[in-house]
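Trainee: Could you walk me through this fold at the bench level? I'd like to take it one piece at a time.
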Amino acid sequence: MRLRVKVPPCESHPRYTRKLVQGLNMNLKSLLLSSDEKIVRVLRRTLGDLEIDVEHCTNSEGALRFLTRDRFEAIIVDCADDGAAEVLRGARAAACNKRAVAVAILDVSVGLQSAFANGAHFTLYKPVSAERARSSFRAARALMKKERRRNSRVPLQIPLEMASAESDIRLRVTTVDIGEGGLAVSLPKKTRRLGRWNMLFTLPGTNQRLEIPAEFAWEGSGKQVGLRFVNGSPEAVSQLRDWLKRNSPDAEMDDPPVRCQLTDLSLYGCYVEVASPFPVSARVTLTMKVPGAEVKIEGVVRVMHADKGMGVEFSHNSPAQKALIEKFLTCLGQNPDAQPELLVEPEALETDAAPDSAATAAPEDPLIHLFRNHAELGVELFQAELRKQRGMAAAAGA
């Protein structure tokens, strides 16, 4: 079987090479809506230190125009502007910016829920200090990098088999490009372009065939169509991600994982304390270590308390994974004085649909029940419920 990576015909040209190198050094881009000169000054300096470029607008009309024609990794909105809510909603509606990280700047007297309801992922309270902004945007930048890489595509021409999940139809096609979020293929015009399909392919330089479910996302003017990956297995997703890191022309170093404090853990989720938590719906990878056990697991943030912590529901609950968590819990019980090491890093923002974990986690799990049914509680009340659960668990184990 012949595998061929498609390379732009002018890649060897010196001028093209210089442009490519310049492209690799491009900073992340942010759009800032604010008429407060002090806020703008602080954020320009802070974001510049984090290698995030700023496109500044003083009114919502200008910001909305930028959203329709440019791609940004972050949308930062001062909610004192009358059109702030419209800009946040506009970012979600703009095809090129619907996955941008949104940050709302609020007065202390303003509630968080309105900002989150309009699409904000992070909040920053006034007065905006350089220290607080730097802390918040470190977490935001990690997500921004992941989302930019998720949107990137590697040109690739390899044979691929498409198997319909709803019938016996199987197609042999050729890929056009591939990324973390999906791939493009050349498809015969008369093919039914609906439903869910299983993508079966082998990446160049590997010998393991991957199978990832996908659904149609867009259709080009000719035979080219795009498919979005949905609910791929952790093993397949990890292999694809690793291959893309090695082969992407615009690969960049991820920010290092964030160190957290583990306070609550069950078979189906955990709560961690961290100064700059990731937003609700963010998909994260957790690495937990304790003497005698180590677990690496993916999850989705269900609860986020600014400056305090977040509740994570694990995404996949296979028997093997549960066995690892059970071993981890046993080791914790045998070493009550041990301080577990926990690192967390973001993977993506799940903006289109609820994660599939909601259908698989055991409803009788008290921690997950708290995440799903009492996420709207204030921080103090939520923490009180967590303490109550710990007390009940301690009493049961006595």
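Mentor: Sure, starting with the helix: α4 (residues 84-93) lies across β1, β3 and β4 (101-106), running at about 165 degrees to β3. Contact means heavy atoms within 4.5 Å, and angles run from 0 to 180 degrees between N-to-C directions of axes fitted to C-alpha atoms, for helices over the stretch in contact. This is a predicted model, so local features need pLDDT of at least 70 and side-chain atom pairs pLDDT 80 or more, while totals for chains, interfaces and linings use all residues. Residues are numbered from 1 along each chain as its sequence is written, and side-chain values use heavy atoms, leaving out hydrogens and water.

Trainee: Which residues of α4 are buried?
Mentor: Buried means under 20% relative accessible area, exposed over 50%, partly exposed in between (1.4 Å probe, protein chains only). Helices are DSSP runs of H or I with at least four residues, strands runs of E with at least two, numbered from the N terminus. On α4 the buried ones are Ala84, Val87, Leu88, Gly90 and Ala91.

Trainee: What is the strand order in the open sheet of five strands?
Mentor: Two strands pair if DSSP finds at least two bridges between them. Here β1 (residues 28-33) and β3 (residues 74-78) run parallel, joined by four bridges. The pairing in the sheet is parallel, and the order is β2-β1-β3-β4-β5.

Trainee: Which strands stand at the edges?
Mentor: Look for strands with a single partner, so that one side is left without a neighbour in the sheet. Those are β2 (52-57) and β5 (122-125).
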